[in-house]
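Student: I should like to learn how to read the features of a structure that is new to me. May we work through one together?

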Amino acid sequence: MTYKWTEGSQRTNALLDSDEVNREYNNYKNVLNGGIDRENIPLNAVTDLHLKSQAFWSYDLTRGIQPGLSTGVTHITYHTYHGGWRTDPASARTLTLREGMLHVDFSCWFQFVQLHPANEQRWCRFQLLLDNSVIARTGKDYSYVGNVNLSACVPVAGGAHTVDMQWQFTPPAVATAASTDAFFFSGGQLLINNRYR
Amino acid sequence: VQTSSKRKFVNLLGLEERLPQREGSATDIVNMTVDERTGGWDSRLGYEKFFSSKLSYGLPFENDYRTHSLFVWSTHGGARQYYLHEAESRLSLNQLDLRFTIGNPPQTHSLQADRQKPTANQPATSYVPVGRQIVLLNGYDMPARWDTRLKSTTVELQPLGWHRQPSPPRPWGVDTIGAQGSLETNMIVLTDYVPDGTDGVTRNAGLGGIEGDDENAYRWKVSWINENGSEGPMSAASQELTWTTLKSHPAGSPTTYQTLHEDKRHAIYLENISAGPLGTVARKIYRTKNLGSATERTVSELYYHVRTLKNNTDTSFIDYVPDSTLGDQAPGDDESILMPATGARFGAVFRNVLFIDGGYTEPSKIYYSAVGHPDTFAALNFFDVSNRTGGEVTAFHSFYNQLLVFRENAIDMVRGGTGSFELSPFVQGIGTNALDTVTTVPGVGVMFLTKDGVYVIKGGLDGGAVMGIEKMSAPILRTIKRMNPDVLVRATATYSHKWREWHCYFAVDGVDFPNFGIVYHVDKGEWSTREDFPVGVIDTDLGGNLIFGHNQGDTSNPGVLGDQYEAGLFVITRKPSGGHVVSAVGQDQVASDAGPMTSTYQSAWDDYGYPDQKKYVKYVYLYVMTKGDPSISLTSFKDFSTSGDTSAAVRMQRAEYPDQEVFDKAVWNTAKWENSLYTELRYAIPQGACSQFSFEISSTNDFILLGYAMEFVSNNTRTSKGKT
């Protein structure tokens with residue numbers, strides 16, 4: 001919106017012209033009713049106190065994410081996992097978002113059970129997906145116990161979108177029994193913050 | 001015998017300087033616009049400060065002299081408008097400060113403080129929006145582009161195009177005997193590998209053959225990619241790396257090192273991958289396939305994409321990409337060259353291609369970029385117009401399906417698309433170097449000022465349309481003849497959809513800066529003039545407001561009380577003020593509104609159909625809109641005399657009715673709002689006999705003139721015998 005300069009003037013001894021007055025008055029009134037922007041509003045005229053809560057963002061928080069909606073410590077075994085990326089159902093969030101930026105933040109801890117054959121190098125990975133496209137992925141973490149923190153901030157169009165977290169860990173070695181407790185993660189927290197444009 | 005008669009004119013025309021004048025036209029129309037509600041000539045205009053909230057004309061323009069260039073760049077749907085301008089400052093004479101305004105608080109932000117000041121007969125900076133960036137060209141400073149997103153960086157202007165090319169990478173040698181010269185060892189690929197997470201197909205990694213005594217040779221090249229996705233010129237080829245694959249079981253007693261290197265492919269370490277200039281976001285590495293034996297070479301030295309380094313920091317790369325998985329063939333060396341026109345003066349975008357001129361050194365050349373990549377210029381993407389008369393290239397303007405190429409004395413056209421263009425002549429004998437006056441006016445065409453007047457290009461060449469050029473300024477030829485053609489290049493023009501006017505300002509009466517304006521009123525199709533508007537350069541913002549930069553600025557600091565004290569940007573508005581004067585408020589000097597501007601209307605010379613018969617004009621009636629108690633006097637002239645008789649001033653109230661309410665006399669809560677009413681003002685004319693008659697109204701008061709009538713009597717008196 002451009003600045004508002006003089007559209008009409010009231011001069012000495014000039015006619016009490018309603019059109020002239022209205023034109024000048026409406027010139028400014030129009031700004032208040034739809035034309036306020038960074039060009040014509042004074043610096044610091046709007047502060048946090050003036051903003052309605054969640055006027056410019058919304059969030060979605062999912063806590064307690066762990067494998068397969070399980071409760072307690074229930075390790076994944078090779079009965080149910082043989083490698084590859086696995087979507088965690090607890091973290092699958094379908095949300096109606098507004099155009100702007102989407103900040104996705106995920107954290108959890110994980111643990112490998114130390115009953116694997118010697119010399120086996122084990123690792124795990126986690127990744128975040130927006131509408132089935134990867135937006136953040138960890139590297140392979142070879143430690144037995146560790147923490148995961150994934151953050152991504154991507155532009156997003158308005159409409160329904162799905163955010164997923166996927167995990168992956170080492171497939172079974174030849175000598176590994178399928179019933180072996182292998183891997184576990186818990187304390188997962190997925191924060192989705194939609195900042196409007 | 002006397003006969004009485006009357007003449008009446010409504011729907012008044014504009015300026016007419018040819019004789020005899022058209023009926024209803026005017027001899028002079030100065031500082032008037034067309035009232036959109038009545039179609040009459042309206043005196044209500046003036047100009048005011050750009051930052052209307054600033055009391056003083058101090059910061060941010062207090063040190064400015066002339067404003068040399070101005071461009072209003074609207075982004076974000078108009079929520080953000082950059083009023084880019086260049087001004088000379090008393091603090092840095094002969095240098096221009098390129099900057100834009102910031103609304104709250106009023107200030108400017110400098111983008112480059114030491115830009116070249118053009119002479120009076122050179123064009124100022126040309127601004128060419130290209131997507132989210134704007135390209136700046138002035139013929140001296142390096143062609144630059146500005147991206148608003150880079151406001152926080154220390155270097156805000158980035159060079160347009162590529163001004164240097166990368167140096168070639170240096171491959172470390174292949175060491176099959178363990179010499180490790182210069183501590184530059186290399187890598188062998190022990191086994192074929194399966195890329196992680198893909199289709200499981202086994203691939204042969206590494207370079208070179210695996211058969212003993214295979215002769216291997218490779219070269220590499222590097223290119224830079226900038227944030228626009230533009231790929232810069234290719235580096236020269238690296239030195240050729242050659243080696244022979246170590247044969248199995250070489251004669252003698254092979255060392256462990258040699259045994260390991262038998263029949264192996266290699267990974268090559270490349271160093272000296274040079275970082276690109278500011279704005280580089282990636283580097284592309286290209287390589288030949290195995291060129292084989294140097295003496296029996298059967299493979300062409302073609303380069304293929306190896307990998308893209310998605311940063312501008314890595315200086316090394318290990319190449320183990322086998323020939324079978326190389327990517328696309330590299331662009332040719334002629335597809336992206338160093339910036340061909342480092343002194344480009346102006347440009348335009350046509351069909352997603354940036355066209356620029358060759359600058360002062362190659363003024364007859366036109367270079368154009370790759371489609372969608374304003375930084376990439378191919379070696380053969382240029383036109384040279386020097387083989388046809390018409391002079392240097394002076395301006396570009398996109399219009400419908402063609403790019404108009406203005407020259408000093410001709411106009412050519414570029415047509416085509418998707419990177420394939422052709423240049424053809426459009427008209428010879430008409431041209432201009434007033435590049436800032438070339439304007440598309442809706443419903444009219446492309447208007448531009450030349451040394452001999454204003455022309456318009458209409459129509460097109462597609463779909464059966466006809467393209468033509470017409471002269472528009474025939475009615476104002478006397479005014480055009482006042483022009484100083486030597487500084488035509490600094491003339492400035494713009495079209496405002498709000499005012500529905502094309503404004504053009506240029507230097508007249510021998511002055512070397514714009515000091516006079518002509519205005520084409522689209523609704524009437526007529527001309528008027530503007531005086532005392534200090535327009536040095538003008539542009540229109542998204543709202544149709546006419547923004548201008550001062551033609552001289554203020555040379556006295558601090559200002560002298562009572563003097564006009566103006567510099568920087570201004571706006572032509574309805575404010576009854578001709579700028580600002582210095583006045584004192586306590587200890588401070590502030591900028592007060594100067595008095596209203598004088599508007600003048602002089603009617604056409606009217607011979608009432610027969611100049612040889614003498615007439616006695618008795619009354620002139622002005623058809624006006626009531627404006628209250630301010631009065632208007634009328635001066636009558638006869639027979640082209642420059643001195644006339646002034647009638648008593650008449651208030652702009654209806655003669656036979658009670659006065660309408662006016663400001664300063666109306667009583668609050670009693671007076672009612674009024675409407676401006678159509679009425680006649682009668683003036684008695686004291687003149688004697690004349691052959692031709694004209695009248696003039698000139699005032700600083702508001703008035704809207706819709707028409708006029710004249711009552712006169714005539715007898716049989718004829719013009720005297722001619723003098724001998």
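Tutor: Let us begin with a single residue. This is a predicted model, and in it B:E301 has a relative accessible area of 40%, so B:E301 counts as partly exposed.

Student: Which residue does the side chain of B:E301 meet in a salt bridge?

Tutor: The partner is B:R219, with 3.5 Å from N to O. This pair links distant parts of the chain, 82 residues apart: B:R219 is in the loop between β16 and β17 (220-226) of chain B, and B:E301 is in the loop between β20 (280-288) and β21 (303-309) of chain B. B:R219 is partly exposed because its relative accessibility is 21%, and the class would change to buried under 20%.

Student: How many salt bridges are there over all chains?

Tutor: A search of the whole structure gives 45. One of them joins B:D213 and B:K247, whose closest N and O atoms are 3.3 Å apart. B:D213 sits in the loop between β15 (187-189) and β16 (215-218) of chain B, while B:K247 sits in the loop between β18 (241-244) and α1 (256-261) of chain B, 34 residues apart. B:D213 is partly exposed at 43% relative accessibility, and B:K247 is partly exposed at 44%.

Student: Is B:D412 buried or exposed?

Tutor: B:D412 has 0% relative accessibility, so it counts as buried. B:D412 forms a salt bridge with B:R388, the closest N and O atoms being 2.8 Å apart. Since B:D412 lies in strand β29 (residues 410-417) of chain B and B:R388 in the loop between β26 (373-384) and β27 (393-399) of chain B, the pair ties together parts that are 24 residues apart in sequence. B:R388 itself is partly exposed, at 26%.

Student: Which residues are joined into one network by salt bridges that share partners?

Tutor: The network consists of A:E20, B:D35, B:D42, B:R44 and B:R574. This brings us to the interface.

Student: How should I read the interface between chain B and chain A?

Tutor: One may begin with the residues in contact, then turn to the area and the polar pairs. Here 52 residues of chain B are in contact with 31 residues of chain A. The two chains bury about 3300 Å² between them, and 49% of that area is on carbon and sulfur atoms. Between the chains there are six salt bridges. B:K627 and A:D17 form a salt bridge, with their closest N and O atoms 3.6 Å apart. The count of residue pairs in polar contact, both at pLDDT 80 or more, is 18.

Student: Which strands of chain B each supply at least two residues of the side that touches chain A?

Tutor: They are β5 (46-49), β7 (80-89), β41 (569-573) and β46 (628-632). By class, this side of chain B has 17 nonpolar, 16 polar and 19 charged residues.

Student: How may I describe the surroundings of one residue, such as B:H68?

Tutor: One asks where the residue lies, how accessible it is and what it touches. B:H68 is in strand β6 (residues 64-75) of chain B. B:H68 counts as buried because its relative accessibility is 6%. Beyond its neighbours within four places in sequence, B:H68 has contacts that include B:E86, B:K117 and B:V537. The side chains of B:H68 and B:R490 are joined by a polar contact of 2.5 Å.

Student: How does one read a strand and its partners?

Tutor: One looks at how the strand is covered, and then at its bridges. In strand β45 (residues 613-625) of chain B, ten of the 13 residues are buried. Ten bridges join β45(B) to strand β52 (residues 704-718) of chain B, and the two run antiparallel. Within this pairing, B:V620 has B:M710 as its bridge partner. β45(B) also pairs with strand β50 (residues 678-684) of chain B, in the antiparallel sense over seven bridges. There, B:Y621 stands opposite B:R682.

Student: Why might one note backbone angles such as a positive phi?

Tutor: Most residues other than glycine have a negative phi, and most peptide bonds are trans. In this model, phi of B:D263 is near 55°, and B:Y400 has a positive phi of about 50°. B:Y400 is exposed, with a relative accessible area of 63%. The peptide bond from B:L19 to B:P20 is cis, with omega near -10°, and B:P20 is in the loop between β1 (3-10) and β2 (26-30) of chain B.

Key:
Residues are numbered from 1 along each chain as its sequence is written. Chains are lettered from A and ligands numbered from 1 in the order in which they are written. This is a predicted model: local features need pLDDT of at least 70, side-chain atom pairs count only at pLDDT 80 or more; totals for chains, interfaces and linings use all residues. Side-chain values use heavy atoms; hydrogens and water are left out. Contact means heavy atoms within 4.5 Å. Buried area is the accessible area (1.4 Å probe) that two parts lose on being put together, summed over both. A salt bridge is a side-chain nitrogen of Lys or Arg within 4 Å of a carboxyl oxygen of Asp or Glu. A polar contact is a pair of N or O atoms within 3.5 Å; within protein, one must be able to donate a hydrogen and the other to accept it, and residues adjacent in sequence count only if both atoms are side-chain atoms. Helices (H or I, at least four residues) and strands (E, at least two) are DSSP runs, numbered from the N terminus. Ala, Val, Leu, Ile, Met, Phe, Trp, Tyr, Cys and Pro count as nonpolar, Asp, Glu, Lys and Arg as charged, and the others, Gly among them, as polar. Buried means under 20% relative accessible area, exposed over 50%, partly exposed in between (1.4 Å probe, protein chains only). Two strands pair if DSSP finds at least two bridges between them.
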